Amino acid sequence: QTVLGPFHPDLENALVEVIAKHKRADLLSPLLILVPSDLIRRRLKVLLSRERGLALLNVQLLTFHQLSLRLNGERGDLPMERHSDLFLEEALRQIIRTGQPGAEPFAGIEDRAGGCAALWQTLRDLRDGLVDPALALAALSEGHFNQRTGERTAQLLALLQTLQHFCDKQAITDHSDLDRRATDQALASPFLQQFTEIFYYGFYDLTQIQLDFFRAV
């Protein structure tokens with residue numbers, strides 16, 4: 001079920017009503033509320049407990065990121081060292097400076113203020129969108145884009161391919177890798193299976209990998 005409306009008061013009232021309904025039926029009913037940010041998580045804790053006086057036994061409030069961490073821990077994997085945007089911008093700068101495959105069209109951008117930062121944001125969007133550069137390059141070669149657009153897109157995809165190979169070789173990970181592993185774990189997760197209901201409260205700017213994670217949950 002999907003409820004649409006402003007956070008205040010429509011979505012707040014709808015969430016309070018559904019939590020109260022479950023708790024009237026069973027005070028110990030295990031419920032999970034997932035939110036996109038810690039700011040919303042703190043707001044809901046105040047709303048549900050202080051303002052509306054609900055009993056929150058067996059109710060867990062987690063951010064999307066906290067759920068990813070929980071499911072990755074459940075897999076038994078070693079903790080991932082997630083690298084920051086600044087780290088990956090610098091990795092991209094070194095790839096361009098050393099003339100790695102696909103870097104030539106972007107020569108010089110590494111010396112411009114904000115150049116690698118902007119380029120990394122574009123490549124990160126492609127990663128978060130689960131774009132496979134090899135498949136996309138094959139589609140380009142089959143003429144699915146016009147020549148002018150296709151040429152520039154092919155350059156970005158070639159650079160993305162090089163960056164991904166570099167990250168795989170050096171075991172460099174970012175937030176998208178965390179969500180990808182959590183998506184694989186979601187269907188078999190004992191943690192998720194314990195809940196009577198799971199509520200996602202608030203969506204904005206979902207990437208493809210986050211959407212896949214949501215669907216798996």
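The paragraphs below go through a predicted model, from its nonpolar cores to its helix packing, its charged side chains and its backbone exceptions.

In soluble globular proteins, nonpolar side chains tend to be buried together. The largest nonpolar core in this model has 17 residues, and the members that touch the most others are L15, I19, I33, L44 and Y201. Four elements each supply at least two residues of this core: helix α1 (7-25), strand β1 (31-35), helix α2 (38-51) and strand β2 (59-63). Of these, α1 gives the most, with five residues. L15 shows how such a member is connected: setting aside residues up to four places away in sequence, L15 touches I33, L44, F199 and Y201. A second core, separate from this one, has 16 residues, including L92, I96, F106 and L123.

Helix α1 also holds a backbone exception. The peptide bond that joins H8 and P9 is cis, with omega at about 5°, and P9 is part of α1.

Next, the packing of two helices. Helix α3 (residues 64-74) and helix α8 (residues 175-186) pack with their axes 8 Å apart and at an angle of about 65°. The crossing of α3 past α8 is left-handed. On the α3 side the residues that meet α8 are H65, S68, L69, L71, N72 and E74, and their counterparts in α8 are L178, D179, R181, A182, Q185 and A186.

D179 is worth following from this interface. D179 sits in helix α8 and counts as buried because its relative accessible area is 9%, which is under the 20% limit. Leaving aside neighbours within four places in sequence, the contacts of D179 are S68, I209, Q210 and F213. S68 is one of the α3 residues named in the helix pair. As a point of scale, D179 and H22 are 157 residues apart along the chain, and 29 Å separates their C-alpha atoms.

A second aspartate, D128, lies in helix α5 (residues 115-128). Where does the nearest side chain of opposite charge to D128 lie? That side chain belongs to R124, 4.3 Å away, and D128 is buried yet has no salt bridge. The 4 Å limit for a salt bridge is why the R124 pair does not count as one. Apart from neighbours within four places in sequence, D128 is in contact with H175, S176, T207, Q208 and I209. I209 is therefore in contact with D128 as well as with D179, under the 4.5 Å cut-off for contact.

Elsewhere, opposite charges do pair. The whole structure contains 10 salt bridges. In one of them, the side chains of D38 and R42 meet at 2.6 Å, N to O. Both residues lie in helix α2, four residues apart, which is about one turn of the helix. D38 is partly exposed, at 33% relative accessible area, and R42 is also partly exposed, at 45%. Another salt bridge links R43 with E51, and their closest N and O atoms are 2.7 Å apart. R43 has a relative accessibility of 29% and so counts as partly exposed; E51 is partly exposed too, at 44%.

In helix α8, R180 forms a salt bridge with D177, with 3.1 Å between the closest N and O atoms. The two are three residues apart in α8, about one turn of the helix. Is each partner buried or partly exposed? R180 is partly exposed, with a relative accessible area of 32%, whereas D177 counts as buried, at 17%. This pair is part of a wider arrangement, since R127, D174, D177 and R180 are linked in a network of salt bridges.

Two loop residues complete the account. L130, in the loop between α5 and α6 (133-141), has a phi near 60°, a positive value in a residue other than glycine. L130 is partly exposed, with a relative accessible area of 36%. A171 is found in the loop between α7 (147-170) and α8, and its phi, near 55°, is likewise positive in a residue other than glycine. A171 is exposed, because its relative accessible area is 57%, over the 50% limit.

Definitions and conventions:
Residues numbered from 1 in each chain as written. Predicted model: local features only at pLDDT ≥ 70, side-chain atom pairs only at ≥ 80, totals over all residues. Heavy atoms only, no water. Core = buried A, V, L, I, M, F, W, Y, C linked by side-chain atoms within 4.5 Å. Buried < 20%, exposed > 50% of the residue type's maximum accessible area, 1.4 Å probe, protein only. Lys, Arg positive; Asp, Glu negative; His and termini not counted. Axes fitted to C-alpha atoms, helices over the stretch in contact; angles between N-to-C directions. Left-handed = near helix turned anticlockwise from the far one by under 90°.
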